[in-house]
Amino acid sequence: MRHIAIVGSGPAGYYTAEAAAKKWGEDVRVDVFDRMPVPYGLIRTGVAPDHQSIKGVSRRYEKTALSDNVRFVGNVAIGTDVSVGELQQLYDAVILATGAPNDRRLGLPGEELANIFGSAAFVGWYNGHPQFAGLDPDLSGRDVVVIGMGNVALDVARILSKTRSEFEGADIVTHALDALDASKVETITIVGRRGPHQIMMTPKELGELLHLERASPMVEPGDLPPVADDALLEPGLRKSVTLLRDFANIPPSIHGETPVTIEFDFFASPVGFEGIDGKVTALEVERTRVEAGRAVGTGETYSIPADLVVTCIGYRSSPLAGVPFDERAGRFANDQGRILPGLYCVGWARRGPTGTIGTNRPDGFSIVDLVEEDIGSGTRKQGREGFDALVETRGLDVVTFRDWQKIEEAEEAAARDGAPREKFVDVASMIAARGD
Ligand code: NAP
């Protein structure tokens, strides 16, 4: 018997559990831990609420969660309730699938001003993450700046642009829906320090900006490189750049008809924030040019008005006591997923915040291959029996998968018309919903 602990129940965690169950069948017991009483991590609180089809992947994780040899252990924070060292004593392999839940910071003057948020916080707010549900961003100003040119920036800009009716079928939490409905936002400027050929945005997500009821995307034609240069790009990026060219061709009359404009500001590297009375009023940027793919400052600076700023510049993992951490990269120090004997990492905790949800599947399968190489047919550890004894002595309140199913039923029962669920946004309500 092999005893495997997976810390984190998001995509990386459940793909790894699936891989372990497939590889070892009846000869493995997998415990999937989460500090939240609810599973699925980023699928629940990271994926945009209007992208329900992407969230459908959780049905696959549910299948894994319901297999006999896999168990969900919710409401247990590894690092606080139980240490990584304690897990290592109990399980043959401990695999950290804790993702990258913290915002990277720009480290610029004025970053502490009010109404500047990182995307983990802002996305967590509209997705009902208990840690960020109370964020209460002020949406009463006209100008929003979104920093970064990746898919998270697109999510944020799109969510800020949508009308109430465009959220039909979405599981955006009601507090955010109401706040967005009352928003006075007119201009959303997406700021990139490099040019159109360096965006990280994918075509499907970028194309959605052409179908918004009350918003239109705007690109300055002069920012685009010669069309012939697009031939050198890989196909996905070429499609995205073609969309930017479409945006540049949108006639001004269309922008006049839509109350919200989503402007792309390329070659603009943030240098600081301006504010009045402790609240942000502008982002100061330095004009750049791109040399050999890198942004080089020109010395020319200008200000972009900003009543609200959301930085979408990537994420960092949370360090855990006793686990080597690569501070610069913001993830666990590892070699192909190996951290220390018996200790591994997978997904964003291993490689940083890159790739799609599906990228975590091969990642999960390869970490299980490494574990097999290292532990063979298993050691003589106690596994979940030992953990259950620890739960007793420590008085932990474990939330099981069956409990989660009751929470899920309650969320589905509370849904707005047409919506799949109304999420509980605090831990106490989640726990209360599982009943006795
Ligand atoms: P990302 O794709 O890495 O994009 C980060 C952006 O931030 C880049 O444009 C980067 O510019 C910029 N940036 C970083 N540091 C900066 C700085 N100091 N100043 C100015 N700009 C800075 O990250 P993400 O958007 O957070 O997405 C994370 C991952 O999740 C990606 O793999 C993404 O595709 C995925 N995702 C997918 C979807 C979807 O498929 N629907 C939705 C959301 C997220 P440089 O390139 O110049 O560094």
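The legends below describe close-up views of a predicted model. Local features are given only where pLDDT is at least 70 and side-chain atom pairs only at pLDDT 80 or more, while totals for chains, interfaces and linings use all residues. Residues are numbered from 1 along each chain as its sequence is written, and side-chain values use heavy atoms, with hydrogens and water left out.

**View 1. The shell around the ligand.** The ligand is surrounded by 21 residues, each with a heavy atom within 4 Å of it. Met-149, Arg-193, Arg-194, Glu-205 and Gly-355 come nearest. By class, the shell holds 10 nonpolar, six polar (Gly counts here) and five charged residues (Asp, Glu, Lys and Arg). Because domain 1 (2-101 + 316-433) and domain 2 (105-311) both give residues to this shell, the ligand lies between them; the domain bounds come from an automatic or database assignment. Helix α7 (residues 151-161) gives the most, with three residues; helices are DSSP runs (H or I) of at least four residues and strands (E) of at least two, numbered from the N terminus.

**View 2. Pairs of N or O atoms at the ligand.** A backbone N or O atom of Met-149 lies 2.9 Å from a ligand oxygen atom. In the side chain of Asn-151, an N or O atom is 3.2 Å from an oxygen atom of the ligand. For Glu-205, a side-chain N or O atom lies 3.0 Å from a ligand nitrogen atom. The protein covers 81% of the 910 Å² of accessible area that the ligand has on its own (Shrake-Rupley method, 1.4 Å probe).

**View 3. The hairpin of β11 and β12.** Strands β11 (residues 268-276) and β12 (residues 279-291) run antiparallel and are joined by eight bridges; pairing requires at least two DSSP bridges. Ala-268 stands opposite Arg-287 in β12. Two residues lie between the strands, and Asp-277 takes a positive phi near 50 degrees.

Technical notes
Polar contact = N/O pair within 3.5 Å; in protein donor to acceptor, adjacent residues only side chain to side chain.
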